[in-house]
Each structure stands twice: as C-alpha cells, then as structure tokens.
Amino acid sequence: MLTDDNFDDKMIAEVAAYASVLSNPMRLMIIRKIALENECITSDLQLDLPIKRTTIIQHLQELKNIGILRGNIKGKKLYYCIDYEKLHQIKLFLDSALSLPTPEFNCCVDLIDTNSILPVKS
C-alpha cells in the first residue's frame, strides 16, 4: 500500500477512470472537433468521423460521464460543448497523480536496449 498522503486508493481509481476514457483515440478526436467548432451536434460528428452514430453517442456519453462535455438542448437538437474548467481540473489532477519523485540514480542505464529487440508499434 502506498504511504504518500497525496496519492490514495481513491485518487488511483479516479486517475485510472480518466485515463481509461481519454485513452481512446476517437474520443480525443471528438474533443478536438468540438473544441474547433465551439459546440457540436451528433450529426456533425457523424459527417467527420469514420464510425457509426451509435458509437459516437457512446463516446459522447463517456466524455459526459467524466465531466468533460456538457449538453445543451436548443430546439430539438442536443449540442455538446467542452467544460473547459473541468478539463483543466482533470489535467491538473493527472499531472499531480503522475508527479513522481526523481530517482537518485537511473536503474536502466546499463540495461539492454529493448527497442532493438521488441518491435515498435507505429
């Protein structure tokens, strides 16, 4: 069990949840598309992304669940926008969670270069 007061089990679970949602390339594309247009409806995303509408809706829901997206109803359409305050909080949270102490020595200095052995995915 970690003893660092700034990194408890709840924080580990929260960081893992954010990282899991943000690890999907399509979700990152959705965030970027919405950011570029300031707001977006599902049908706009469907025109620009190579996935089905139902899959887009699932991705939007995941992003909404962690608080990055908000939805606004205008007429009969649901517009999505980025909650920049929440996104900033998540970025700070991830940065804090991944802020590791600098080691006194580099344990990997004299090890075999695994990049020459293991294939690198492109």
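Contact here means heavy atoms within 4.5 Å. By that criterion, residues 24 or more positions apart account for 50% of the contacts in the chain with a separation of 6 or more. The structure shown in the following views is a predicted model.

**Figure 1. Overall organisation of the chain in the predicted model.** The secondary structure comprises five helices and three strands. Read from the N terminus, these elements follow the order α-α-β-α-α-β-β-α. The chain has 122 residues, of which 27% are buried.

**Figure 2. The open sheet formed by the three strands.** The strands are arranged in the order 1-3-2, and their pairing is antiparallel. Strand 1 (40–41) and strand 2 (69–74) occupy the edges; each has a single partner strand, so one side of each is left without a neighbour in the sheet. Strand 2 is joined to strand 3 (residues 77–82) by six bridges, whereas two bridges join strand 1 to strand 3. In both pairs the strands run antiparallel.

**Figure 3. Bridge partners across the sheet, with tyrosine 80 of strand 3 as a shared reference point.** Tyrosine 80 is the bridge partner of cysteine 40 and also the bridge partner of glycine 71. Arginine 70 has cysteine 81 of strand 3 as its bridge partner. Lysine 74 stands opposite lysine 77, which belongs to strand 3.

**Figure 4. The hairpin of strand 2 and strand 3.** Two residues lie between the strands of this hairpin. Glycine 75 adopts a positive phi there, near 70°. The hairpin strands, residues 69–74 and residues 77–82, are connected by six bridges.

**Figure 5. Packing of helix 2 and helix 4 on the sheet.** Strand 2 and strand 3 run antiparallel and are joined by six bridges. Helix 2 (residues 25–37) packs on the sheet and touches strand 1, strand 2 and strand 3. The direction of helix 2 makes about 95° with that of strand 3. Helix 4 (residues 53–65) also packs on the sheet, where it touches strand 2 and strand 3. The direction of helix 4 makes about 115° with that of strand 2.

**Figure 6. The contact between helix 2 and helix 4.** The two helices pack at an angle of about 80°, and their axes are 10 Å apart. Angles of 65 to 115 degrees count as roughly perpendicular, so helix 2 is roughly perpendicular to helix 4. Helix 2 contributes Met26, Arg27, Ile30, Ile31 and Ile34 to the contact, and helix 4 contributes Ile56, His59, Leu60, Glu62 and Leu63. By class, the contact contains seven nonpolar, one polar and two charged residues.

**Figure 7. Surroundings of histidine 59 in helix 4.** Histidine 59 has a relative accessibility of 9% and therefore counts as buried, the limit being under 20%. Apart from its neighbours within four places in sequence, histidine 59 is in contact with Asn24, Met26, Arg27, Ile30 and Ile51. Among these, Met26, Arg27 and Ile30 are residues of helix 2 that take part in the contact with helix 4.

**Figure 8. Asparagine 38 in the loop between helix 2 and strand 1.** The phi of asparagine 38 is near 75°, a positive value in a residue other than glycine. Most residues other than glycine have a negative phi. Asparagine 38 has a relative accessible area of 58% and is therefore exposed, the criterion being over 50%.

**Figure 9. Aspartate 83 in the loop between strand 3 and helix 5 (84–97).** With a relative accessible area of 19%, aspartate 83 is buried, because residues under 20% are assigned to that class. Its side chain reaches the backbone nitrogen of glutamate 85 at 3.2 Å. When residues up to four places away in sequence are not counted, aspartate 83 touches Gly67, Ile68 and Arg70. Arg70 is itself the bridge partner of cysteine 81 in strand 3.

Methods: Residues are numbered from 1 along each chain as its sequence is written. Side-chain values use heavy atoms; hydrogens and water are left out. Two strands pair if DSSP finds at least two bridges between them. Helices (H or I, at least four residues) and strands (E, at least two) are DSSP runs, numbered from the N terminus. Axes are lines fitted to C-alpha atoms, for helices over the stretch in contact, and angles run from 0 to 180 degrees between N-to-C directions. Buried means under 20% relative accessible area, exposed over 50%, partly exposed in between (1.4 Å probe, protein chains only). A polar contact is a pair of N or O atoms within 3.5 Å; within protein, one must be able to donate a hydrogen and the other to accept it, and residues adjacent in sequence count only if both atoms are side-chain atoms. Angles under 35 degrees count as roughly parallel, over 145 as roughly antiparallel, 65 to 115 as roughly perpendicular and the rest as oblique. Ala, Val, Leu, Ile, Met, Phe, Trp, Tyr, Cys and Pro count as nonpolar, Asp, Glu, Lys and Arg as charged, and the others, Gly among them, as polar.
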